[in-house]
Structure formats: C-alpha cells, structure tokens
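Colleague: I have a model open and some terms to sort out. Can you take me through how each one is earned?

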Protein chains: 2
Amino acid sequence: MSKEIGITVKKSEDFSEWYTQVVIKAQLTDYAPVKGLIVLRPYGYSIWEFLKSSIDQKLKATGHENGFLPVLIPESLLSKETTHFAGFTPEVFWVTHSGDTEIGDRLALRPTSETLAYSMYSKWIKSWRDLPLKINFWNTALRAEIKSTKPFLRTSEFLWQEGHTVHTTKEEAEEEVMTILDIYRKTVEEELAIPVIVGKKSEKEKFVGAVYTTTMESIMPDGKALQMGTSHFLGQNFSKPFDVKFLDKQNVETFAWQTSWGVSWRLIGALIMVHGDDKGLVLPPRVAPIQAVIVPIYSSDSDKDAVLKKANEIGSSLSQRNLRVHVDSRNEFTPGYKFNDWEMKGVPLRVEIGPKDLAKSKVVLVRRDSLKKSDRSFDQIEDGIVKALDEIQADLYEKAKKILSERTKNIVNLDQFKKEIEKGMFVYSPWCGDQKCEETIKEDTGADIRVIPFDVKVSNAPCIVCGSPSKTEAVFARGY
Amino acid sequence: MSKEIGITVKKSEDFSEWYTQVVIKAQLTDYAPVKGLIVLRPYGYSIWEFLKSSIDQKLKATGHENGFLPVLIPESLLSKETTHFAGFTPEVFWVTHSGDTEIGDRLALRPTSETLAYSMYSKWIKSWRDLPLKINFWNTALRAEIKSTKPFLRTSEFLWQEGHTVHTTKEEAEEEVMTILDIYRKTVEEELAIPVIVGKKSEKEKFVGAVYTTTMESIMPDGKALQMGTSHFLGQNFSKPFDVKFLDKQNVETFAWQTSWGVSWRLIGALIMVHGDDKGLVLPPRVAPIQAVIVPIYSSDSDKDAVLKKANEIGSSLSQRNLRVHVDSRNEFTPGYKFNDWEMKGVPLRVEIGPKDLAKSKVVLVRRDSLKKSDRSFDQIEDGIVKALDEIQADLYEKAKKILSERTKNIVNLDQFKKEIEKGMFVYSPWCGDQKCEETIKEDTGADIRVIPFDVKVSNAPCIVCGSPSKTEAVFARGY
C-alpha cells in the first residue's frame, strides 16, 4: 500500500489530521459540495445501521413507536417557546422561496422537533387513555455550523433520532428520562465498547427549554470531553405554550409532563477516536459491517484453486452462523495490500489461509486490535472466531475503561485544577452550584462542567473557585 | 362508535372525502402546520417500516448498499444538467439564509439527488475495479406542490428511497433497470397485494434527464391511474456533465453508464385506495402492523378473569409464532366499540373469545376483508390463523386483479376511446409514436400514456388519433 493510500500521520502526533485521514480513507464519509455537510459512504452508513437497529430494538421493547415529521417548521411555530427559540435561531437555515414564489411565514429546517411534534400532540391527546404517548423519529437535524466543522462531530446536518414522550405524571416522565439514558448507556458501552459517565448537566449547560438534562459523557484521546447523548425532562415547559393537555380520570383538564432525548452519528465519531490507531480504524465486532475478512494466499495457479475453494467454504460456514464475513478474492491485489486495506478499515479479525496452512488443516487468525496472530485448526475455526470476536469486544471496552480512569482526577486545589485541565483530564472538583463560578472557570481554563454524576456525594472541600461551601462535585473538562 | 369517530361517507359515493377520512381517522397520518406537508403517526409509519424492510432486504440481496446524502444541494450543482434542472426548478424550496447571514450560492432542498450523488461518484470512481457502484438512499424528497395536495399521493415532502448505480457497460446498466423494476413489482404484488402493469414511459412522460423510464402502473377505484414506482436508464446523460468516468481494463478513460430508481410512500396511498371499504382501512396481512387482534368479551367479573387469561395465553402463543398480535384488554370500551375501531384500522383478522366460547374450547375468527365469521377450536387456533392470514393476502390480490382486468379495455376507435376514458378505464390503444397525438389525446380527454407494456405487440390497427400506421399499443388513462 502506497503512502497516499494509508494513514500518513500518527494518532499521538497530529490527532486532528489523523482523524480526518481515517474517516476519509476508510471510506466512511466524504465532504459534500456545501461546506459543513458530509455524505455517508456505504461502509460508514452500515455502522450507523447497526447502531440504529440496536437502539430501535431497545426502544420498541420499552413501548416506543416510530413516526415521521417533515423537515420544515414555520417560524411562527418555532418561536412559540421563546427560550428554546432564542437558543437555536442563530443556526437555523431559512427557506424563503418555493420556485419563484416568496413564502410569507418563512420556514425553518428543523434544528430539533419539539415545537412541531407538540403542536401535533396537542391535537392527538384528549384524555388519560391516550397516554403515555412515546414516539421516536429517525431523521436528521440541521444547524448551520459557523465554527470549523468535523465529520460526525460537528456538521450542519446530522443523522440522529429524537424521541418525544408525553405522560400523565411528573414521576412517570422522570422515570422515562432515566429509562432512555440507560438504553443509551447500554448501547454505547456494550455495542461501541466506550465507557461513559452519566449524570445531569448544570443549569448553564442544559437543553434550552428543559427543566433538566441528563447526559452521558466520555473523554477522547486528545483530552477533550464528548457529549454522547442527552435525555431531557421538559416538565410542563412545552406542554403549556403548546397546549398539550389531557382529561384525567376525574375529568379534570391537566397539562401533561414531557421528555425529549436524542443520540446522533456523533457516536461514530467517538468510536473512531477512542479505538482507532496509527493503521486506521479499529471497529468493535458488534457494529463492524465486516467482522472477519478471509484473505486467501497463493502464488501459483494450482495453489489458487485449492486455497480459494477452502476460503469460500469457510466463508459460507461462518455466514451460516450469522457472522458478517467477507472473502477477499480480488485477483489484482497482493495479500500484503489486502492486509493493509482491511486493517485501515478496522475489520476486527483477519483469517489468512495459504497452501501451507491448507496442508496443516489450519488457518491463521490475526486480531485487528492487538495485531496478535494465532492458529486455528479447521475443526476449531467457527467456535474460534466467535470466541475471538467476543474477546476483542471485551478487550476494547476494558482498554477504553482504563484510559477513562487514567484521564480522571479528583482535585480540590485551583492551581492543580488548571494543570490537569491543561493536560486534558476529566477533573472531579467541588462546586458551590453558582453559575458565576462555572463562568469563571470557563473563561480562565476553557473547561465546562460536563456532567454532575448521579453517584457523587457532596464534597467536604469548598468550591474550587470561590471557596464557599460546595453543593456537589462536578466533572470539568474542555469539550468538543 | 359514534358517527364522528367512524367513516361517515361511502367509498363509492365520495371517494375523495372517504380517502381523507380513512387516512386521518385510522391514525395513519395528520396534516402538519405547513400546507402540503403531513406527519406520519406510528400506525402509518409502521406500514412504511414493513414496506421499507421488504425492499431493503431485496436490494441488499442483489448487492446494493445504503448511504446518506444531505438534503441541501447548491443551485450551481443542481443546474449542471440543464434539462433535469428545468424539470424541477418550479417546485424547488430554496434556502437563502442561515441565521441572519445570506447564503451566496442559494441551496435547494433536494427534489431528487442525481446531481449530488454523481458529483460524489465522480470523486470515488477511478477504475473498473470500483464498479459496479450500487447505492441506495432512504430519505425524503421535497417538491413544493402547487396543486391540491393529498396525504401519501401528493405532498411537498415525501418519504422514499432513491437508488443510484454506475456500471461499466450499457448492457449491465439496462439489466439493473429491469432488476429493480422486478423488485418493485414483486414487493407491490406480493406484500401490498396490488397487481401492476409494467413497461416503459413515453418520451413525453419519462424522467427529465433519462434515456428512458420504466414504470409500474395500476388503476385506482376512482378510475385514475397511479404511477407506483419508476426505474430509469440514464445512459451517459449524467456521467458526461458530472464527469463520472473510469479507466477500463485497457486503461482507457470511459464515461460510465448509470441508472436511478425510486418508490415512495405513495404505495401506502395505493394500498388504502385499492383495498379499503366503507368501514375504513383493509390491510394485507404482510404489511399490517397488527395482523390479528384478540377481543375478550365478558359482562361479569368472574367471566372477565377466565376470558382475559385465555386471551392472553392465545396472544402469547401467537407472538411466539412471530405473528403480530394484540390483545385489546381496554376496560373502558365495549366489545362493539373495539370491533368498529379495529375494523376502521384494517386489522386483517379479529379473534373473539367470550364465556360461551371458553366453555366450548373455541374462538370466533372474523376476517376483515369479507367480514365472514368462523369457529376455530383451541387446538386449531395457531394454524388456523396462519392459514386465514395467507388466504386474506391471496384473496385481496385476486380481488384487485379482477378489478384491474375489468377496468382494462382494448379500443381501436376514437369515440369509443373517449367514452371509456370518461368511465375511468385503462385503455389499450394503437399509437403511431408521435408526441403530437399524445398531446392531442391529453387535451381532448385528459388522458396520458401511462405505460407502454413490455408484452404488447405492434397493433394492426392504425393510430387511434391520426390514423397513421401504429408503432405500438399504449395504455392510456387519466392519472393522479
């Protein structure tokens, strides 16, 4: 593989350039003609399909259904909840014409669908019999990015799901918020092999219009935190302006309690950053479009037939076990080229078979994550591959967990705090709860409160900024 | 069920009002705040999910992959193929601002993605090794409708899939066009139980920018033809302006051969029109979100426990056979209300169970299509339901086929032709191939050439309009 085809920089030396090369050269994505927009090539979209399917199954199992909302929202509707509108308006794309005709009430491309969904819900909900209403929408959101964009992490249109639910009681709505956050956490930890910290956002960082926002956060290898998904308790903040109310069992008209939540293809960005290495992508087996690639090795035509035959046989038997397997029988490339190609694309397991292997009735397995080689006799191939894939999935998670823990520090001293933030750490520090201290930290260090973990205790130490008694510990870091 | 809840007009008396009531009252869809746009409620979206899954499986089995394209296309790109652009420009939604900033090269909301896809393809394709490239996109298209809109049939944004393929030879591309048309035909006939006529569009009616368009057409109960899906041979019409070329095996740079094709949620509109009746929706079992609904019947509390227990038992055993079944155990509604409710929603099969049935170890099955009742003993329930669902699927198709055949006439005389068009027929007539005759017919009768079927012979009779020798038979009808 020539230099231009492979990844030409080290992850540890130029992280940003490394990331860009990986997403483009592994054929996950490409830049669209409009700045800030990307397309997904089939290899990238396929990862999204596995992620989507995993979340979709969990949502359906917990009583959610899917629906469809159009992309156009009239300005008059979008501006109905004023705080919400103010939060989004600088980044809204506006449609002003259809054909040559000017549109009176100009149309926003959905930055998020609370306003549209709830204007519909207010028509559909009449009594407690219609609740809970739990609808999810797989679509895209559009937010014009002014800052520098990055595939999957910051683009002006992104694939996501947005869920919008309505409940008769506050308690039921708050339970829903946690059910969803748990679905997100499980998906990210079990499918993407990325450990996260779950908790609440601060008032400053919550979703515009929410009562509170729960979040899952992780830290990337460049020391920047990434918000991986959020689940919002909306209280009655939207049900009042949007008239989402119901007759309760006593026939009394009551405003409903609501939630909204979403994850996006940003999770693919996280996956790339967390697991990738100098050779390119490293995919966890559960979301890998190809879990094992079989590369036949031969130099003579007589070897070729026998080797290819066996490679195809192995391929078929693995497919029958529902493994996603590909036999790379391309004639125009050398085995070495193929090894590099599939390594860059992050296929978790390579199966090599040549004439010598054939003679010994075995294959060579090569793990993408560790690059370690081992033999498997023909009668052990299927079980061996299933086992190896499970091990890779588990090892990737453990490795990421170790990095998260190494990147996490408890700090009570402000000077120390600044040093650790500079090093790219997740810093647990005591906080008085005052937004002013949050703003001071942001100005001085560039760090935000990423999350107030559910499991932290009130610290005995005083607030890291002002020295007042602290109300909680919070996790600070610089973010994406 | 009160009059307002049920369908209040007969399908035969006010077809348009009947259709609108069915789509709204069966909770398939609702009108969005912007004129011409609709939302899909979960019941409607679920039908789309079954349709999508059926097509997606067939596409993947024939070597297609999915990708993602953004919704925004710069005007400069959209206008690159001039005929194509001229065809779409009157109905394009234009984005002119992001936030308060005016956008220089204004952005179109995708009316279709040929231009965007092929600008990407030209970067990705270098040699014959990269071909064929066969990518499908599940997204929406946006075309501002000026005429009166109708849910599923004519809306300014619609759910669809658009496939875009690239091939080394003309022959391979033309074969792809037919492969896709056959996937569409099978899906519509086997899943939606709607028979279609397949063939080519006339030059006048083909897709703007295509060499030729193949289509499947069916006739609706109001006598209007509906285009159900199209598959286009693009030749090199787009590969030349968009520079989609490859090095062939002799290392010669060659323009590629292309196809594009799509079906939309219009198919759901067809489904409603073809199978629905005065009570509402009638869903073919293969795409029904609920295939069988179990309604427990009881008047006393002692009966209730026993009946509900058995209803739930039957429900579980049917679910285990992968049937989509629902036990309607709502306490606040009478059995009569429930019968009407599920009939309106088109659930193919109702299973009634009351104390007398329990005593006789049997249930009552009621078919939605024929409303016929029959008993099944407990030990025959599962097989009985599977069999009944298969029969309903087959009977719906046969019934629709009979209607299509009754609505089809062979006519060689112009006066007769006009009468049959007026009656709402699919009219097979000889045609000289001249676009002028096509336009004359359109002006005089409102009928278009819907399709030139693949299997017609050249007629001996002269052209129905001008009397010149005919080149082919064509199917004429008024259309949606």
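Modeller: Start with the sheet, and keep in mind that this is a predicted model. Six strands make an open sheet, in the order β4(A)-β6(A)-β5(A)-β5(B)-β6(B)-β4(B), with antiparallel pairing.

Colleague: What makes β4 of chain A and β4 of chain B edge strands?

Modeller: Each of them, at residues 72–74 of its chain, pairs on one side only. From one strand to the next, the twist averages 45°.

Colleague: How do you know that β5(A) and β6(A) pair?

Modeller: Count the bridges. Pairing needs at least two bridges between the strands. Strand β5 (residues 93–98) and strand β6 (residues 101–109) of chain A are joined by four bridges, so they count as a pair. They run antiparallel. Two of the partners can be named: A:S98 is bridged to A:T101, and A:H97 to A:E102.

Colleague: Which residue in the hairpin of β5(A) and β6(A) takes a positive phi?

Modeller: A:G99, with a phi near 60°. That hairpin has two residues between the strands.

Colleague: How do you know that β5(A) and β5(B) pair?

Modeller: Use the rule of at least two bridges again. β5(A) and β5(B) share five bridges, so they pair, in the antiparallel sense. Look at A:S98: it stands opposite B:F93. Then look at A:W94: its bridge partner in β5(B) is B:H97.

Colleague: What holds strands together in general?

Modeller: Strands of a sheet pair through backbone hydrogen bonds.

Colleague: How many residues does each chain bring to the contact?

Modeller: Chain A brings 44 residues and chain B brings 45. On the side of chain A that touches chain B, β5(A) gives the most, with six residues. By class, that side has 26 nonpolar, nine polar and nine charged residues.

Colleague: Now helix α9 of chain B. Why are some of its residues called buried?

Modeller: The test is a count of neighbours. A residue is buried if 20 or more other C-beta atoms lie within 10 Å of its own. In α9(B), residues 335–344, the buried ones are B:K338, B:D341, B:W342, B:E343 and B:M344. Therefore each of these five has 20 or more such neighbours.

Colleague: What covers the buried residues of α9(B)?

Modeller: The cover includes α1 (15–25), β15 (292–296) and β17 (349–353) of chain B.

Colleague: Which residue with a positive phi follows α9(B)?

Modeller: B:G346, and its phi is near 75°.

Terms used:
Residues are numbered from 1 along each chain as its sequence is written. Chains are lettered from A and ligands numbered from 1 in the order in which they are written. This is a predicted model: local features need pLDDT of at least 70, side-chain atom pairs count only at pLDDT 80 or more; totals for chains, interfaces and linings use all residues. Axes are lines fitted to C-alpha atoms, for helices over the stretch in contact, and angles run from 0 to 180 degrees between N-to-C directions. A residue is buried if 20 or more other C-beta atoms lie within 10 Å of its own, exposed if 12 or fewer, and partly exposed in between; C-beta atoms are placed from the backbone. Two residues are in contact if their C-beta atoms, placed from the backbone, lie within 7 Å. Ala, Val, Leu, Ile, Met, Phe, Trp, Tyr, Cys and Pro count as nonpolar, Asp, Glu, Lys and Arg as charged, and the others, Gly among them, as polar.
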